[in-house]
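Thanks for coming, everyone. I'd like to walk you through one model today, so have a look at the screen and then we'll go through it piece by piece.

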There are 2 protein chains.
Amino acid sequence: MSKLLIVDDESRIRELIRKYAIFEGHSVDEATDGMQAVRMALQEDYDLIIMDIMMPELDGFSVCREIRKVKNTPIIVLSARGEEYDRIHGFEMGIDDYVVKPFSPKELMLRVNAVIKRAGGGSISKDEFVYEGLSVDFRARIVTIDGQRVDMTPKEYELFFYMVRNRGIALTRENLISKVWGYDFFGDDRTLDTHIKLLRKSLGEYSRLIVTLRGVGYRFETG
Amino acid sequence: MSKLLIVDDESRIRELIRKYAIFEGHSVDEATDGMQAVRMALQEDYDLIIMDIMMPELDGFSVCREIRKVKNTPIIVLSARGEEYDRIHGFEMGIDDYVVKPFSPKELMLRVNAVIKRAGGGSISKDEFVYEGLSVDFRARIVTIDGQRVDMTPKEYELFFYMVRNRGIALTRENLISKVWGYDFFGDDRTLDTHIKLLRKSLGEYSRLIVTLRGVGYRFETG
DNA sequence: AAAAAAATGAGTAAGCTATTGATAGTAGAC
DNA sequence: GTCTACTATCAATAGCTTACTCATTTTTTT
C-alpha cells in the first residue's frame, strides 16, 4: 500500500487512475494543476507522483523541476503519443518512467508498482541515501560525512545526485553528460573529468565509491 | 511461463502472436512502435522481445541498438522474405533469431521457446549471466568469480560480453573482430589471439568455457 | 609415417590513449 | 565590482592495445 499523487487537469483521467490505484490498494490524492501539485508534493510525502506532462500554466517539466529541488519522490509522467519524446528523454534525470496516452490502466499500474518497488518498496520513498558515514539527504540537498556537512556546488550536487540515484550501474561519459548537463551540451570532453575530480575531493575518503571505468565512464558503487 | 514483448505496427500480427503465445502459457505485452518498445523494454524485464524489423519512425535495428545499450533481453526479429537479409546477419550481435514473414505461428513459437531456453529458462531474464561461480552483470559491467571481482580492461569486457551474449554459438574470427573491433579494423591477425589469451587469464578456471575452434574461431559454452 | 604447412598460444615491449591533477581563464550572481 | 563556480587547457602518468616473435599443436601433403 502506497501513497500516490495524481496530477492531471482532466477529471476523467484522474478518476480512471484513482479507480485502478485504489483497486490495487494504494491511497490517492489528486491535484488539478501544476501549482497545486508542487504544493502538495512538498507538503506531503508521496511514494509516487503520476503526472500529465501537458497542463495549463505550469507544465509537467516545471513541476518536476520544482519538486526535484527539494525531494526525490518518484515521478511517472503521462504524455500523448510521440509528444516531447526528446524532452522527456533529455529530462530523464528526474523522471522515473513515462506512459503514453491513451494508456491501459493495467499497464500503468504495472509500472506504478515497478517504480515503487525500485524506489525501495513503498510506504514513503526514501529521500535519503546512507552508506557507512556518508549520507545524502535529497530533500534537504545536504550531504554529510561522519555527521559533518559537505558543501557542494550545484553541478557537483547534480552529478553526485545522479550517480547516487543510479548507483551500481556503469554510467558512460555520454550518459552522464547528457543527463547532468543536458543532451545539448557540446562543451569540452574534459569538463566531466574536472567535475568528477572536484566531487571526489568533496567526498574525501568516500571518493573510493566513484570507480573509474576506463574507456567507458564511471560507476558509483556501495560495497 | 515467460514474459514477452511483441512489437509490431500491425495489430493483426500482434494479435496472432499474442494468441499463440498465451496459448503456450506466456504473458504478453505489446508495443505498436519503436519508441514505445524501447521504453517498455527498458522499464520491464522481459524474457523475450519479438519485433518487426520494418516499422515507421524507429526501425527494429535502432530499437535493438537502444535496448542493447542497457539490457540483454533476447530479441527475435520478424522480416519479410529476403528483406534486409544481410543487415540482419551483419547485425547479429544483438539479435538472437529471426523469422521470415509470412511465418507459421507454430514455427515462431518453437523458436521463441528455443531462445528462452537458451537464454536461461525464462521467468524474468536478468541483465545478469550466471554459471557456477562465474557471474556477469551487464548493467554494472562487473564480472565476478566466486564472489571475487575480476578486473577487465575495456577490450576484454567487450570481447567477453559479446561472447557471453552469443554463447553456445560458433563465433568466427572475422565475426569477433568485426563485432568487437569494428568492421574497419585492419590490424594484425594475432591481435584477437592475444586478447583471447588475456581474457582466459582473467577467467582463471573458467577459461575452459572458451573453446577454440581451430580454423574457425571460438565458442563460449556452458555445459 | 614423416615432413611440411597452417593455426593457435605465449611472452614481451613499444606506442598510444584516457584519465588525472594542476592551473588559469570566463561567466554569472549578488 | 567582487566572488564563486564552471569550463578549458596542458603536462604527467598510469594503463591498455597492439605488434612482433617464437613455441606448440593440429592438419595436410607426400
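Let me start with a bit of vocabulary: I'll call a residue near a molecule or strand if one of its heavy atoms lies within 4 Å of it. Now the small print. What you see is a predicted model, where local features need pLDDT of at least 70 and side-chain atom pairs count only at pLDDT 80 or more, while totals for chains, interfaces and linings use all residues. Residues are numbered from 1 along each chain as its sequence is written, chains are lettered from A and ligands numbered from 1 in the order in which they are written, and side-chain values use heavy atoms, with hydrogens and water left out.

Okay, DNA strand D. Around this strand there are 24 residues, and A:T153, A:D188, B:T153, B:K155 and B:D188 come nearest. Which part of the strand faces the protein? Of the strand D atoms within 4 Å of the protein, 82% are sugar or phosphate, and the rest belong to bases.

Next, some individual polar contacts, meaning pairs of N or O atoms within 3.5 Å; within protein, one must be able to donate a hydrogen and the other to accept it, and residues adjacent in sequence count only if both atoms are side-chain atoms. An N or O atom in the side chain of B:W181 is 2.8 Å from a phosphate oxygen of strand D. A polar backbone atom of A:P154 is 3.5 Å from a phosphate oxygen of strand D. And B:R214 has a side-chain N or O atom 3.0 Å from a base oxygen of strand D.

I'll be naming helices and strands too: those are DSSP runs, helices being H or I with at least four residues and strands E with at least two, numbered from the N terminus. Near strand D, two or more residues each come from α6 (154-165) and α8 of chain A, and from α6 and α8 of chain B. The biggest giver there is α8(B), with four residues.

For classes, Ala, Val, Leu, Ile, Met, Phe, Trp, Tyr, Cys and Pro count as nonpolar, Asp, Glu, Lys and Arg as charged, and the others, Gly among them, as polar. On that scheme, the surface near strand D has six nonpolar, ten polar and eight charged residues.

Over to DNA strand C. This one has 21 residues around it, the closest being A:T212, A:Y218, B:K197, B:T212 and B:Y218. Here sugar or phosphate makes up 54% of the strand C atoms within 4 Å of the protein, with bases making up the rest. Position 197 of both chains reaches a base: the side chain of A:K197 puts an N or O atom 3.0 Å from a base nitrogen of strand C, and B:K197 has a polar side-chain atom 2.6 Å from a base nitrogen of strand C. B:R173, on the other hand, has a polar side-chain atom 2.9 Å from a phosphate oxygen of strand C. Again α8(B) supplies the largest share, four residues. By class, the surface near strand C splits into five nonpolar, four polar and twelve charged residues.

So how do the two chains meet? In terms of contact (heavy atoms within 4.5 Å), 14 residues of chain B touch 21 residues of chain A. Together they bury about 1500 Å², 51% of it on carbon and sulfur atoms; buried area here is the accessible area (1.4 Å probe) that two parts lose on being put together, summed over both. On the chain B side, B:R39, B:Q43 and B:R139 lose the most area to chain A, together 39% of what that side buries.

How many salt bridges cross this interface? Just one is found, where a salt bridge is a side-chain nitrogen of Lys or Arg within 4 Å of a carboxyl oxygen of Asp or Glu. A:E221 pairs with B:R149, their closest N and O atoms being 3.2 Å apart.

Let's stay with A:E221, in the segment after β12 (217-220) of chain A. Is A:E221 buried or exposed? This residue is buried, with a relative accessible area of 15%; buried means under 20%, exposed over 50%, and partly exposed in between (1.4 Å probe, protein chains only). The A:E221 side chain also makes a polar contact of 2.6 Å with the side chain of A:R219.

That's my tour, happy to go back to any part.
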